[in-house]
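The exercises below ask the reader to work from the sequence and the structure together. Each task is followed by a solution in steps.

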Amino acid sequence: MAEAVSFNDLPALAQHLRVELENKKFVLLYAYNGVGKTRLSTAFKNLGKDEEDENKRDTLYFNAFTEDLFTWDNDLEGDELRVLELNAKSSFFDGLGEFEIENRVRSLLDRYADFGFRMDLIYRESTEDEKKPRLEEGRVTFSREVLIGEGESTRLENVENIKISRGEERIFIWCFFLAIIEIKLDQDTDAYDWVKYICIDDPISSLDEENTILVATHLAKILKDAEDPPGIVISTHHPLFHNVLWNELKRKSRRYFLGLDRSTGAYLVRNTEATPFFHHVAALIELYDVDQRGSLNTYHFNTLRAIAEKTASFLGYGNFADCIKREADDLEGRLHTRLLNLLSHGGYSIYEPREMLEDNKRQFRGMLHRFLMQFAFNPQYFPDLQPVAIEDKDKDKDKDNE
């Protein structure tokens with residue numbers, strides 16, 4: 001099992017990723033929500049800024065801030081003309097004036113959605129200091145064909161100026177971003193020639209699994225087909241999205257699990273290239289690691305219970321206790337169930353970590369080791385794994401009362 005590399009802050013980690021991209025074209029990062037993926041993409045982008053010239057930068061990025069460049073005007077007074085407006089002040093839209101961006105976005109969006117749209121993009125004339133036309137105003141309206149009437153009179157009617165769902169809005173913005181990537185990768189143009197790196201953070205929130213696979217496969221194809229792509233970092237909290245990209249990009253990528261030591265604030269990066277990556281395996285590796293280091297916090301009981309619940313669901317059991325107790329007379333399994341049920345209901349927060357008491361550390365270690373051995377996880381990732389005896393204090397009390 002690869003050792004975790006520690007970084008004191010996100011700029012240091014971002015600089016490390018830039019060095020990694022000198023050797024590999026793609027870096028894949030898996031991390032839980034709240035670890036700092038969006039802030040990492042911002043730190044990565046900031047490292048590419050020129051302090052003397054604010055117009056010079058080297059990173060095109062997609063994250064929550066990118067989505068904020070698109071805002072709704074819902075026509076609160078008339079409640080009829082709903083428009084998605086583009087923030088023309090952003091350099092994100094630089095260079096679009098010479099391309100048919102609407103057709104590019106439409107060809108991409110047709111893969112994912114059944115709604116239509118129309119762009120109204122107004123550019124101002126280039127000045128001597130500007131190489132390309134700058135966006136002055138941008139508006140997008142949406143439409144959808146719906147069934148009207150009943151029986152033989154049923155017909156399709158195009159409804160204009162609709163408000164699309166949050167998921168549909170996100171996929172539209174993602175397709176807009178993909179269109180810009182395609183322009184960048186086009187060898188026949190120098191548009192976006194300032195882009196040396198692309199940083200993508202969680203593009204698939206609000207999507208179902210089918211679209212998640214579709215987005216990941218499509219993105220991987222675009223990147224693999226590119227003759228000379230820029231260095232690209234893709235971070236996500238979604239295991240399915242991460243796995244599909246991993247399988248598609250394979251040896252062309254570096255693959256990492258990003259964690260956060262809540263007690264020290266350090267960012268921990270573990271290489272997962274040799275590890276079959278799944279959410280529960282990554283979580284178990286993290287639990288085993290903090291157990292070995294003796295840095296267990298109270299919220300780790302909640303993490304272990306969540307893994308047990310997912311395991312029970314996968315195996316077809318109705319309760320997490322059913323996958324812990326092997327048989328009805330399994331006394332140790334009953335004890336594990338009782339302890340985990342009790343100790344995972346403390347309302348512990350990962351943002352306010354509290355170290356476990358030594359007695360609880362022993363109890364946790366026993367539960368974790370038995371769980372890992374019971375389901376035959378690969379011992380390569382859990383070295384020195386062995387049974388740990390748990391003291392049943394209630395049982396000892398019963399003996400004393402006899």
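**Exercise 1. Determine the handedness of the crossing of α1 and α2, and describe how these helices pack.**

Step 1. The crossing of α1 and α2 is right-handed; a crossing is right-handed if the near helix is turned clockwise from the far one by less than a right angle, and left-handed if anticlockwise. The model is predicted, so local features need pLDDT of at least 70 and side-chain atom pairs count only at pLDDT 80 or more, while totals for chains, interfaces and linings use all residues. Residues are numbered from 1 along each chain as its sequence is written, and side-chain values use heavy atoms, with hydrogens and water left out.

Step 2. Helix α2 comprises residues 37–47, where helices are DSSP runs of H or I with at least four residues, strands are runs of E with at least two, and both are numbered from the N terminus. The axes of α1 and α2 are 8 Å apart and the packing angle is about 65 degrees; axes are lines fitted to C-alpha atoms, for helices over the stretch in contact, and angles run from 0 to 180 degrees between N-to-C directions.

Step 3. That angle makes α1 roughly perpendicular to α2 (65 to 115 degrees; under 35 counts as roughly parallel, over 145 as roughly antiparallel, and the rest as oblique).

**Exercise 2. Identify the buried residues of α1 and the polar contact at its start.**

Step 1. Within α1 (residues 10–20), the buried residues are Leu-10, Leu-13, Ala-14, Leu-17, Arg-18 and Glu-20. Buried means under 20% relative accessible area, exposed over 50%, and partly exposed in between, with a 1.4 Å probe and protein chains only.

Step 2. Because these buried residues fall within an arc of 160 degrees when seen down the axis, they line one face of α1; the arc is that of the directions from the helix axis to the C-beta atoms. An α-helix has 3.6 residues a turn, so residues three or four places apart point the same way.

Step 3. At the start of α1, a side-chain oxygen of Asp-9 lies within 2.9 Å of the backbone nitrogen of Ala-12.

**Exercise 3. Repeat the analysis for α4 and α5.**

Step 1. The axes of α4 (residues 101–109) and α5 come within 9 Å and cross at roughly 120 degrees. The two helices are therefore oblique to each other, and α4 passes α5 in a right-handed crossing.

Step 2. Ile-101, Val-105, Leu-108 and Leu-109 are the buried residues of α4. They cover an arc of only 95 degrees around the axis, which puts them on the same side of α4.

**Exercise 4. Which loops hold Asp-75 and Asn-161, and what is the phi of each residue?**

Step 1. Most residues other than glycine have a negative phi.

Step 2. Asp-75, in the loop between β4 (70–73) and β5 (83–86), has a positive phi of about 50 degrees.

Step 3. Asn-161 occupies the loop between β8 (155–160) and α5 (166–185). Its phi is near 55 degrees, also a positive value, and Asn-161 is buried at a relative accessible area of 19%.

**Exercise 5. How many disulfides are there, and is Cys-175 buried or exposed?**

Step 1. The count is zero disulfides, a disulfide being a pair of cysteine sulfur atoms within 2.5 Å.

Step 2. Cys-175 is buried, with a relative accessible area of 0%, and Cys-199 also counts as buried, at 4%.

Definitions and conventions:
A polar contact is a pair of N or O atoms within 3.5 Å; within protein, one must be able to donate a hydrogen and the other to accept it, and residues adjacent in sequence count only if both atoms are side-chain atoms.
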